[in-house]
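Here is a short briefing to keep beside you while you look through the sequence and the model. Take the topics in any order you like.

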Amino acid sequence: TVQTDYTNPITKTSKIEMGVRGAFRKFESFNFNYRKNAINDPFVILPSFSSEYEFTDRVLAAYTTFSKQIKKFTVQLGLRLESSEYNGTLLTTNQKFSNQFPVSLFPSAFLTYKVTDKQDLQVNYSRKINRPNFFQLIPFYDYSDPVNISVGNPNLIPEFTNLVELGYQYQIDKNHSVLATAYGRITNDLITRYQFKDKNILDPTKDSIAYNSFINANSANTFGLELTSK
């Protein structure tokens, strides 16, 4: 990971921040299972239960934020540009997988209004990204629990979320405050669990078996209210 940041307090009430970041990762997974029919027999590898997998992940990003205080208002505006790429290979079958996002934009805006010395109103908007992790991506069948067989999905793509929040904070006294936040969250390509049926490798005499995996759903909408007292 390589990162650099720059901050410039332009005036007492305004500030600008900028930065760039590069993250480069390489994962390798080697999983082999063996069996022997008798005590004196040699171990024999089970190809259907073994896998060699590797992938590289690259994320390049740049951001800038500007904040300013205008009387009772505090404003912060931000923008992040991000480019990501993922390439994977299942070495046992030479299958290749890849996902690319040349440029994605992630704007953000935060507005705070100081109603009184004890009361604040906040309105926030941001766009976020959540990438699938290693175990969600690797296309290896995990038979460690025969009744709950799982496998990753190398074709998963990141999920993108638009989040809007409206908050109210009241400082009752120096030891007691109340915060109420209403939010709405819209997520596209939501990473979620799902089950599918396929041929039964454990017992070929049976027609099929259920496997647990991950998939990108179309979208998900979440709305809520949070109340916090401290």
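In this predicted model, the largest nonpolar core brings together 12 residues: Tyr53, Phe55, Tyr86, Leu90, Phe97, Phe134, Leu137, Ile138, Phe140, Leu156, Ile191 and Phe214. Two or more of these residues come from each of β5 (51-70), β6 (73-90) and α1 (134-137). A second core, separate from this one, has 6 residues, among them Leu46, Phe49, Ile149 and Tyr211.

**Inside the core**

- In soluble globular proteins, nonpolar side chains tend to be buried together.
- Leu156 is a handy residue to start from, as one of the 12 members of the largest core.
- Which residues is Leu156 in contact with, leaving aside its neighbours within four places in sequence? They are Asn99, Pro132, Gln136, Leu137, Ile191, Phe214, Ile215 and Asn216.
- Of these contacts, Leu137, Ile191 and Phe214 also belong to the largest core.

**The sheet**

- An open sheet is formed by 9 strands, in the order β1-β2-β5-β6-β7-β8-β9-β10-β13, with antiparallel pairing.
- At the edges you will find β1 (2-8) and β13 (219-229), each of which pairs on one side only.
- On average, neighbouring strands of this sheet are turned by 10° against each other, ignoring direction.
- Strand β8 (residues 119-130) runs antiparallel to β9, and 12 bridges join the two. One residue pair to look for here is Asn124 with its bridge partner Glu165 in β9.
- On to the next pairing: β9 (residues 159-173) and β10 (residues 176-188) are antiparallel over 13 bridges. Gln169 has Leu179 of β10 as its bridge partner.
- β9 and β10 also make a hairpin, with 2 residues between them.

**Salt bridges**

- Side chains of opposite charge can pair when their charged atoms come close.
- How many salt bridges does the structure hold? There are 7 salt bridges.
- One of them links Arg25 and Asp57, whose closest N and O atoms are 2.2 Å apart. Arg25 sits in strand β2 (residues 14-31) and Asp57 in strand β5, so this pair ties together parts that are 32 residues apart in sequence.
- Are the two partners buried or exposed? Arg25 is partly exposed, at a relative accessible area of 42%, whereas Asp57 counts as buried, at 10% relative accessibility.
- Another salt bridge joins the side chains of Glu85 and Arg58, at 3.3 Å from N to O. Because Glu85 lies in strand β6 and Arg58 in strand β5, the pair ties together parts 27 residues apart in sequence. Arg58 is partly exposed, with 29% relative accessibility.
- Glu82 and Arg80 also form a salt bridge, with 3.2 Å between the closest N and O atoms. Glu82 counts as buried at 8% relative accessibility, while Arg80 is partly exposed at 27%.
- Through shared partners, salt bridges join Arg80, Glu82 and Arg131 into one network.

**Thr89 and its surroundings**

- Thr89 is part of strand β6 and counts as buried, with a relative accessibility of 12%.
- Not counting residues up to four places away in sequence, Thr89 touches Glu52, Tyr53, Glu54, Asn94, Gln95 and Lys96. Among these, Tyr53 is a member of the largest nonpolar core, and Asn94 comes up again below.

**Loop residues with positive phi**

- Most residues other than glycine have a negative phi, and most peptide bonds are trans.
- Lys71 is not a glycine, yet its phi is positive, near 55°. Lys71 lies in the loop between β5 and β6 and counts as exposed, at 79% relative accessibility.
- Asn94, also not a glycine, has a positive phi of about 60°. The loop between β6 and β7 (95-114) holds Asn94, which is exposed at a relative accessible area of 53%.

**Confidence in the model**

- The protein chain has a mean pLDDT of 90, and 99% of its residues reach 70 or more.
- Where is confidence lowest, and where is it highest? The lowest is in α1, at a mean of 83, and the highest is in β1, at 97.
- Please keep that in mind for α1, one of the elements that give two or more residues to the largest core.

Conventions
Residues are numbered from 1 along each chain as its sequence is written. This is a predicted model: local features need pLDDT of at least 70, side-chain atom pairs count only at pLDDT 80 or more; totals for chains, interfaces and linings use all residues. Side-chain values use heavy atoms; hydrogens and water are left out. A nonpolar core is a set of buried Ala, Val, Leu, Ile, Met, Phe, Trp, Tyr and Cys residues joined through side-chain atoms within 4.5 Å. Buried means under 20% relative accessible area, exposed over 50%, partly exposed in between (1.4 Å probe, protein chains only). Helices (H or I, at least four residues) and strands (E, at least two) are DSSP runs, numbered from the N terminus. Contact means heavy atoms within 4.5 Å. Two strands pair if DSSP finds at least two bridges between them. Axes are lines fitted to C-alpha atoms, for helices over the stretch in contact, and angles run from 0 to 180 degrees between N-to-C directions. A salt bridge is a side-chain nitrogen of Lys or Arg within 4 Å of a carboxyl oxygen of Asp or Glu. pLDDT is the predictor's confidence in each residue, from 0 to 100.
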